[in-house]
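Here's a quick walk through a model, written for someone who'd rather be at the bench. Have a look at the sequence and structure first.

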Amino acid sequence: MPCTKDFEHLLERKNVIGVEYDEETNTVTVYVSEKLPDSELADEDNVKKLVTDADVKVEDSGFDEERDGFDALSLTVEIPEAETDRKDRHRPVVGGVSEINAKSTAATAGPYPARITDTSSGKWSDDATEGDLVRLSNNHVYARVNKAEFGEPIIQPSPRDGGEHPDDETGTLQGYVPVEDGSTVDVAARSVSVERESPEYHELDDSWPTAVRREDYRSLKGETVRKTGRTTGVTSADVSAVGASVRVNFGDAGTLTLRDQLIAGQMSKGGDSGSPVFHDGSGELVGLLFAGSKRQTILNKIGNVESQLGVELLTEEPGDGDDDGGEGGDGDGTRTYRETLDTTVTVSMDGPELSLESFSMQGDISPGEEAEATATVTGTDTGTGWLNVQGEQYTFELTDEHAKSGRYVRSVPVLVVVPESSGDSFEVHVEGGYVVRA
């Protein structure tokens with residue numbers, strides 16, 4: 001029985017940058033950088049004449065010129081401005097916002113949490129241990145197409161969006177799968193500080209991912225998928241190929257052939273590399289976005305991402321729900337409870353209400369020193385909010401851009417003075433509410 005690999009010879013023809021064979025319909029779909037009439041093609045470049053035992057469908061990828069591959073979306077194309085607040089500093093980090101290696105340009109923070117299950121798969125730092133949690137994005141995002149050293153800093157937001165090292169470091173490169181001819185994935189992992197990461201995905205339903213797609217990708221053909229990414233935000237498109245071989249331009253690393261890829265319609269631009277992709281109806285995590293054109297978007301199958309890198313993607317943070325294993329337990333099914341929150345909530349009976357969702361510290365915390373922190377607040381309406389942290393007053397705006405599930409959520413950067421005798425923990429007094437105008 002023929003398979004896609006049997007038709008990869010077509011990738012050597014003029015303008016051909018992708019190919020897929022569908023055995024159910026006995027159809028070869030050929031993706032070209034520029035669709036030309038038969039009269040302008042030499043016989044050796046006319047795929048319709050080169051394939052005689054299957055139907056042939058030619059899809060234009062919209063480059064309007066001869067090209068040798070799709071674009072890796074954080075390397076080889078112009079990177080537009082990020083959408084709305086995705087270039088802001090997010091603590092905790094959520095999937096879909098600006099993040100990349102500190103030595104690169106701009107891309108997207110991808111799936112989290114992922115748990116390391118096999119350090120013999122892919123390449124891993126000596127510091128990486130099975131059971132550790134990591135966040136994923138592309139190799140060309142975190143590992144600079146195989147060139148990065150383990151321990152190189154990852155920052156959020158990306159340098160292109162104003163992020164700087166070391167202030168905006170979120171982790172370091174921990175592992176990756178080398179990108180080379182015949183690869184099935186473009187993936188890498190960074191270290192995490194659990195208290196500074198969120199399993200949520202920016203502007204998507206809080207319950208996503210509801211599951212992880214590890215098999216039966218054939219049934220995705222014709223289905224709609226949705227992604228959240230740094231540049232174009234939340235977009236969706238239909239899947240046209242579920243086992244394609246594609247040529248991808250990785251800049252200085254050259255143009256490489258990747259196999260067993262999903263292809264969807266156009267839903268990305270430069271800087272969206274690393275975006276997590278979900279089934280639009282069910283919220284199931286299905287892919288990792290890494291390349292595209294004006295008319296197509298290329299995705300790694302998330303099942304290949306897991307198996308090739310040696311990780312397991314979780315649908316919730318370890319310790320939540322019934323997910324097996326994870327941090328915060330004793331290994332025997334019991335949990336250890338460490339108190340980090342002890343507060344009294346004042347509920348307003350008149351007008352909009354502001355509540356403190358989380359409070360997290362950033363960077364090194366030294367007794368007697370001033371440190372950066374983030375207070376994430378939730379409001380019931382738009383307007384001007386205020387916070388008082390250790391006697392210092394902060395004001396901020398809650399607008400429609402901050403709407404999420406019927407409320408308004410914003411992360412507010414604040415400064416905290418760490419007590420000289422802080423021990424293992426210390427208390428921070430926080431007050432807040434809405435500014436009432438006369």
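What follows covers confidence, one sheet and the salt bridges.

## How far to trust it

Keep in mind that this is a predicted model. The chain comes out with an average pLDDT of 91, and 91% of the residues reach at least 70.

The stretch to watch is residues 322-341, where pLDDT stays under 50. For that stretch, the model has 23 contacts beyond four places in sequence.

## A four-stranded sheet

One open sheet is built from four strands, and its order reads β21-β22-β26-β25. The pairing is antiparallel. On the edges sit β21 (354-361) and β25 (403-404), each of which pairs on one side only.

Inside that order, β22 (residues 370-379) and β26 (residues 407-417) run antiparallel and are joined by 10 bridges. If you want a landmark for this pairing, find Thr376, which stands opposite Ser411 in β26. As background, strands of a sheet pair through backbone hydrogen bonds, either parallel or antiparallel.

## Salt bridges with some exposure

Searching the whole structure turns up 29 salt bridges. One pairs the side chains of Arg13 and Glu12, at 3.9 Å from N to O. Of these two, Glu12 is exposed, with a relative accessible area of 61%, whereas Arg13 is partly exposed at 23%.

Another salt bridge links Lys87 with Glu81, and here the closest N and O atoms are 3.4 Å apart. Lys87 counts as partly exposed, at 31% relative accessibility. Glu81 is also partly exposed, at 48%.

## A buried pair and a network

Now for Arg190 and Glu99: their side chains meet in a salt bridge of 3.1 Å, N to O. Arg190 belongs to strand β12 (residues 188-191), while Glu99 is in the loop between β5 (93-95) and β6 (100-101), so this pair ties together parts that are 91 residues apart in sequence. Are Arg190 and Glu99 buried or exposed? Both are buried. That label calls for under 20% relative accessible area.

Finally, there's a group to pick out in your viewer: Glu20, Asp22 and Glu24 are linked with Arg218 and Lys221 in a network of salt bridges.

Conventions: Residues are numbered from 1 along each chain as its sequence is written. This is a predicted model: local features need pLDDT of at least 70, side-chain atom pairs count only at pLDDT 80 or more; totals for chains, interfaces and linings use all residues. Side-chain values use heavy atoms; hydrogens and water are left out. Two strands pair if DSSP finds at least two bridges between them. Helices (H or I, at least four residues) and strands (E, at least two) are DSSP runs, numbered from the N terminus. pLDDT is the predictor's confidence in each residue, from 0 to 100. Contact means heavy atoms within 4.5 Å. A salt bridge is a side-chain nitrogen of Lys or Arg within 4 Å of a carboxyl oxygen of Asp or Glu. Buried means under 20% relative accessible area, exposed over 50%, partly exposed in between (1.4 Å probe, protein chains only).
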